[in-house]
Amino acid sequence: MALWSRIRNVFRGDHLNREIDEELESHIQEAIENGRDPAEVRRAFGSTLRHREESRDVRLLTWLDSLRADAVFGLRQLKKNKITSAAAIVSLALAIGACTSAFRLIDALLLRPLPVVEPEGLYILSRHGAGFDGKPGTFEDFQYPLFRQLRGAVKDQAELLAISYVQRMDLTYGADQEMEKAHLQYVSGSMFGSFGLRPVLGRLLTESDDLTPGAHPLAVLSHDYWTHRFGQDPKVIGCTFRLRNDLYQIVGVADAPFTGTEPGTMTDIFVPAIMHPDVGNSNSSWLRTWARLKLGVAAEPVRQKLQATYRAFEEERGKRAGFTGIDDKKHFDNLIAQAVVLLPAASGVSEMQENSRPSLTMLGVVVALVLLIACANVANLMIAQGAARAREMALRISIGAGRWRLVQLVLMEGTWIAMLALALGSLFACWAAPFVVSRINPPDNPARLVLPADWRVFVFALMLTLGVTVLFGLLPAVRASAIKPVSALKGGEDPHSRRRLMHGLIALQVAFCFLVLFTASLFVATFERLSHRSTSATAAPNRRIRLQRSRATSATRSVPLDDASRCSRRSSIHFTGTPACFAASAISAM
């Protein structure tokens, strides 16, 4: 019999039994019609029940049929113990929902690949070593003249892309409209082609749009920005907006999934990198350099060429700077000695990733502890139920039930609890993850994460449910299957053994609860202190930092504090006038 027919027969048991009974009866009737005595025929035929069971085993999958029967019985047990089952399902649902919500956040920010062609082939150029101040660190910022030299050095081995940090810029549409803010990125014209992106409307930027400084005031909108700002109006093509002193024309809208290269920030507008005001400044670092190796090219030879090009560029820049002081030259030598490395960047690169990684790791640990607490709670409930069903299990063993069948019986009941908890926890996760993101957003620059409930989340939730089923269901199942019929019917050999196990699980649960509460209290206390502490930028928005040369005769240069902090965060190095080492000192509001 075909496999599919045997599987189908598992779920049509009554109909299959009638078919088998009719077939057996037809054989008996045929013998009677041939002149044989009815009583003799039935006696010779034997047990009808035995023949029916043997025929059933041939016409269906026995292991699947036993699994179905145990699933039906497990569901009946849950209905029988409604309050206990509801308590187990709700506690487990909260834990599964918390774990799934945490995974959605971690996946969106740290794990999910960019929606581009072959994201695993993307690398980000980074420099490791001592910075200008002598402190070791990792630096991702590059100058555009350096980028052009790096791109030319490896043009036969890799494709390099210049993509700026996302900036929240002021712009205006039309002549009389009010100024509004949008997240903007300066990108290489070849970025869209390299990423395999297609336009939803109009066209995307190309290499010909990224040739001459200041000559290509073109813009491409993201699909998300086009939707919430223009309501997907197709007439947006050809519209203009003013950014700084340039008037940009919108030429296209990018495909929906792509929202930029920085997880946590959705880029609204893409403009050519050649339009950046510091595109010709060798002392201004404002972009990240992305790389995609060509087919069959190893990463190490490319890295070595990039290292040599970077060193030559910095040495030439040092000569032009004309450092004479010992300290000045020592600090600059630290920059030249930095090692250029290629880091995988399939999931994108952003400051929010680095800043949130420790917090998300701790969040994952906390929700895992919550899950263990819920599993210990459900295991305790199932052990208590198993103790109450000891005589039932002893009777099943007495009539021939094997140990694996008893384990399967109890595990199916646990599977029902886990699956119902998954359904309830999924609803909680759909609400919890966006809620957490909305609560941690700063009002002036909110984080925006893509949190789709796709196959990645589904697979995680399913694997989590299977793990949870084994975690809380295996111990009660094995314990129930190990019952000795004689001792169970007499009341058990050691009536205190069940209590010792339950007390141990309760102690473990209480210990985990204290740990989670202690960790949560630390989070709450830290958040409370930070929420009432004013940052320097908000406390004194007009405060400035004076960058002062170390020599007494040098000139000074003032920049806004927020710009200076951004330069410090990205380790940008700016030299003006006669180059020398600058010392930063804060002065009062101007």
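S190 sits in the loop that connects β6 (180-187) to α8 (191-194). In this predicted model, the relative accessibility of S190 is 14%, so the residue counts as buried, the cut-off being under 20%. Setting aside neighbours within four places in sequence, S190 is in contact with E159, L161, T206 and E207.

Strand β4 covers residues 158-164, and six of its seven residues are buried. The partner of β4 is strand β12 (residues 285-293); the two strands run antiparallel and are joined by seven bridges. Within this pairing, A162 has T289 in β12 as its bridge partner.

**Overall composition**

The chain has 590 residues, of which 42% count as buried. Its secondary structure comes to 19 helices and 16 strands. Of the contacts between residues at least 6 apart in sequence, 78% join residues at least 24 apart.

**Nonpolar cores**

The largest nonpolar core contains 47 residues. Those with the most contacts inside this core are Y144, Y186, F241, I269 and L306. For L306, the residues touched are L125, L150, V154, L160, V340 and L342, if residues up to four places away in sequence are not counted. A second core, separate from the largest one, has 35 residues, including A93, L371, A379 and V468.

**Helix α12**

Helix α12 spans residues 351-388, 38 residues in total. From first C-alpha to last, α12 reaches 56 Å, close to the 56 Å expected at 1.5 Å a residue. The helix nevertheless has a kink of about 45° at R357, shortly before the proline P358.

**Salt bridges**

Side chains of opposite charge can pair when their charged atoms come close. A search of the whole structure gives 20 salt bridges. Three of them are listed below with the distance between the closest N and O atoms.

| Acidic residue | Basic residue | N to O distance |
|---|---|---|
| D65 | R56 | 3.3 Å |
| D65 | R68 | 3.2 Å |
| E140 | R288 | 2.9 Å |

D65 takes part in a salt bridge with R56 and in another with R68. D65 and R68 are three residues apart in helix α5 (residues 62-80), so about one helical turn separates them. How buried or exposed are D65, R56 and R68? D65 counts as buried because its relative accessibility is 15%, which is under 20%. R56 is also buried, with a relative accessible area of 11%. R68 is partly exposed, at 30%.

The salt bridge between E140 and R288 links distant parts of the chain, the two residues being 148 residues apart. E140 lies in the loop between β2 (136-139) and β3 (142-143), whereas R288 belongs to strand β12. Both E140 and R288 are buried. Strand β12 is thus a part of two descriptions given here: it pairs with β4, and it holds R288.

Which residues are linked in a network of salt bridges? The network consists of D107, R112, D454 and R456.

Conventions
Residues are numbered from 1 along each chain as its sequence is written. This is a predicted model: local features need pLDDT of at least 70, side-chain atom pairs count only at pLDDT 80 or more; totals for chains, interfaces and linings use all residues. Side-chain values use heavy atoms; hydrogens and water are left out. Helices (H or I, at least four residues) and strands (E, at least two) are DSSP runs, numbered from the N terminus. The expected span of a helix is 1.5 Å times one less than its number of residues. The bend at a residue is the angle between axes fitted to the seven residues ending there and the seven starting there. Buried means under 20% relative accessible area, exposed over 50%, partly exposed in between (1.4 Å probe, protein chains only). Two strands pair if DSSP finds at least two bridges between them. A nonpolar core is a set of buried Ala, Val, Leu, Ile, Met, Phe, Trp, Tyr and Cys residues joined through side-chain atoms within 4.5 Å. Contact means heavy atoms within 4.5 Å. A salt bridge is a side-chain nitrogen of Lys or Arg within 4 Å of a carboxyl oxygen of Asp or Glu.
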